[in-house]
Amino acid sequence: MKILMLSATFPYPPTKGGTHNRTFNLLQPIALRHQVTLLTQRAEDVTEEDIAGLRQWVDELIIFPRPQAVKAGILAKIQRFGQFILKGTPPNVLFLYSHEMQTWIDDAVAAGKFEAITCEHSVNEIYIRPQWQQKLTTIIDIHSSIYRTCKNQLETNTSENPKRDRLFLPLLRRYEQQSIRKFSHVVVTTDEDEQQMRRFVPNAQVTVIPNGVDLDTFPYREKDLGGYNLVFVGGLDYFVNIDAACFFATEVFPQLQQQFPDATLTLVGSKPAPEVQALTEQNPAITVTGRVPSIAQYLHQATVAVAPLRTGFGMKIKTLEYMAAGTPVVGSDRGLEGIEVDSDRVPLRALRANTIEQYLQAIATLLTNPCLRAELASNARTMIEQEYTYLSLANRYEKIITGSYNLITDQK
């Protein structure tokens with residue numbers, strides 16, 4: 001098939017995590033069997049080496065410049081909110097919108113150049129015309145529901161701007177409900193998001209394709225080094241991870257040190273925000289690495305990996321990477337979302353914690369019990385190998401693309 005994939009995020013290298021990781025690892029196996037054109041935007045941090053690296057994986061790579069920084073000031077914010085009310089599209093989606101990209105896509109569809117279009121993240125929905133689903137496959141890979149995320153941030157008091165988000169919440173509900181109607185098929189990462197999409201549009205075609213792991217990048221560690229070393233991984237310029245890192249470092253870790261004076265905490269992630277960097281000044285047992293060549297190396301050296309997220313929906317790639325590397329996991333409901341770790345149906349794969357006391361108890365249990373660490377590590381790795389390799393997930397994604405296309409042509 002001739003497939004057009006849209007990704008406002010430049011999805012290379014995939015080691016950047018998040019959207020980069022999922023987009024590239026679903027794209028790469030499909031591009032081996034189909035003619036894939038990738039349409040993307042170039043941010044300032046994208047190098048010529050990144051472009052050359054990505055180009056080798058697709059038939060055609062089309063790159064447009066990323067729009068300039070959004071204007072600051074109260075008047076500009078009021079204007080963006082007014083546009084949101086009138087147009088129904090959130091400011092962050094409008095900010096990434098490119099008229100040149102739209103023209104390119106419109107012309108390609110009119111010329112019949114492609115048989116399927118996928119939107120790799122919900123922000124790319126803006127380029128899709130509702131009528132297109134009558135003549136070609138249109139698929140949106142949502143990653144995580146923006147409505148559910150905003151609602152959760154308000155409920156958990158983790159919103160960056162509660163006044164704004166209370167105004168945005170009903171608008172986001174309307175936006176997400178309307179946007180998914182444009183697509184032949186909707187892909188989500190968790191059962192919870194699937195339920196939300198079906199509440200929005202009961203007759204929508206919705207499929208869960210979870211996040212995954214590249215097992216070559218995250219090999220199972222050779223041995224448990226013991227010790228009292230904790231690790232947290234994530235883009236440390238993203239507010240969800242900033243909140244998690246600061247919460248754990250200031251409210252959980254100091255109390256843990258009272259019981260384990262030799263405990264250390266390593267925060268691994270690119271572009272650490274100032275408040276994250278400041279944690280090292282407050283506590284010398286905390287290290288902030290910035291971007292590293294190998295996340296797996298830090299996971300292999302850790303005794304326990306934590307996923308103390310208090311907001312942010314969707315399946316967390318970091319948690320899957322912890323498990324693939326063989327590092328025992330303590331995570332919150334948000335950190336473990338979409339992963340079956342502690343039900344009666346499966347062997348224990350991680351410990352769950354949502355309060356300070358629960359974190360202290362779970363981590364202390366693992367630090368003092370090497371047999372339990374080994375059990376969790378083995379069970380989690382087995383699960384990853386059986387359910388969360390990107391090759392198998394990409395095969396499922398491919399079946400949706402080709403299956404939806406076949407359905408459309410059959411109806412014609």
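This is a guided tour of the structure, stop by stop, saying what to select and what is found there. Keep in mind throughout that the model is predicted.

**The seven-stranded sheet**

Begin by selecting the strands β1 to β7, which form an open sheet in the order β3-β2-β1-β4-β5-β6-β7, with parallel pairing. The edges of this sheet are held by β3 (60-65) and β7, and because each of them has a single partner strand, one side of each is left without a neighbour in the sheet. Passing from one strand to the next, you will find a twist that averages 20 degrees. Now add helix α2 (residues 48-55), which packs on the sheet and touches β2 and β3, its direction making about 150 degrees with that of β3.

For a closer look at one pairing within the sheet, select strand β5 (residues 137-141) together with β6, which run parallel and are joined by 3 bridges. Aspartate 141 has its bridge partner in β6, namely valine 187.

**Helix α8 and its covered face**

Next, select helix α8, which lies across β6 and β7 and runs at about 175 degrees to β7. Which residues of helix α8 (residues 191-200) are buried? They are Asp193, Glu194, Gln196, Met197 and Phe200. If you turn the view to look down the axis of α8, these buried residues fall within an arc of 160 degrees, so they line one face of the helix. To see what covers them, show the surrounding elements, which include α6 (146-155), α7 (162-180), β6 (185-188) and β7 (206-208).

**Histidine 34**

Move now to histidine 34, which sits in the loop between α1 (18-31) and β2 (35-42). Is this histidine 34 buried or exposed? Its relative accessibility is 12%, and since buried means under 20%, histidine 34 counts as buried. Select glutamate 398 as well, and you can follow a polar contact of 2.6 Å between its side chain and the side chain of histidine 34. Setting aside the neighbours within four places in sequence, the residues in contact with histidine 34 are Met1, Ile3, Asp59, Glu398 and Thr402.

**Strand β8 and its partners**

The following stop is strand β8 (residues 229-233), where 4 of the 5 residues are buried, so the strand is largely enclosed by the rest of the structure. With strand β9 (residues 264-268), β8 pairs in the parallel sense over 5 bridges, and within this pairing valine 233 has valine 268 of β9 as its bridge partner. Trace the chain from β8 through helix α9 (residues 239-259) to β9, and you will have followed a β-α-β crossover that is right-handed.

Then select strand β11 (residues 304-307), which runs parallel to β8 and is joined to it by 2 bridges. Here the residue to pick out is valine 231, whose bridge partner in β11 is alanine 305.

**Serine 392**

Finish at serine 392, which belongs to helix α16 (residues 390-411). With a relative accessible area of 29%, serine 392 is partly exposed. A polar atom of the serine 392 side chain lies 2.9 Å from the backbone oxygen of threonine 389. Select glycine 212 too, and compare the two separations: serine 392 and glycine 212 are 180 residues apart in sequence, while in space they are 9.1 Å apart, C-alpha to C-alpha.

Notes. Residues numbered from 1 in each chain as written. Predicted model: local features only at pLDDT ≥ 70, side-chain atom pairs only at ≥ 80, totals over all residues. Heavy atoms only, no water. Buried < 20%, exposed > 50% of the residue type's maximum accessible area, 1.4 Å probe, protein only. Arc of directions from axis to C-beta. Contact = heavy atoms within 4.5 Å. Polar contact = N/O pair within 3.5 Å; in protein donor to acceptor, adjacent residues only side chain to side chain. Pairing = 2+ DSSP bridges. Right-handed = clockwise from strand over helix to strand, strands pointing away. Axes fitted to C-alpha atoms, helices over the stretch in contact; angles between N-to-C directions.
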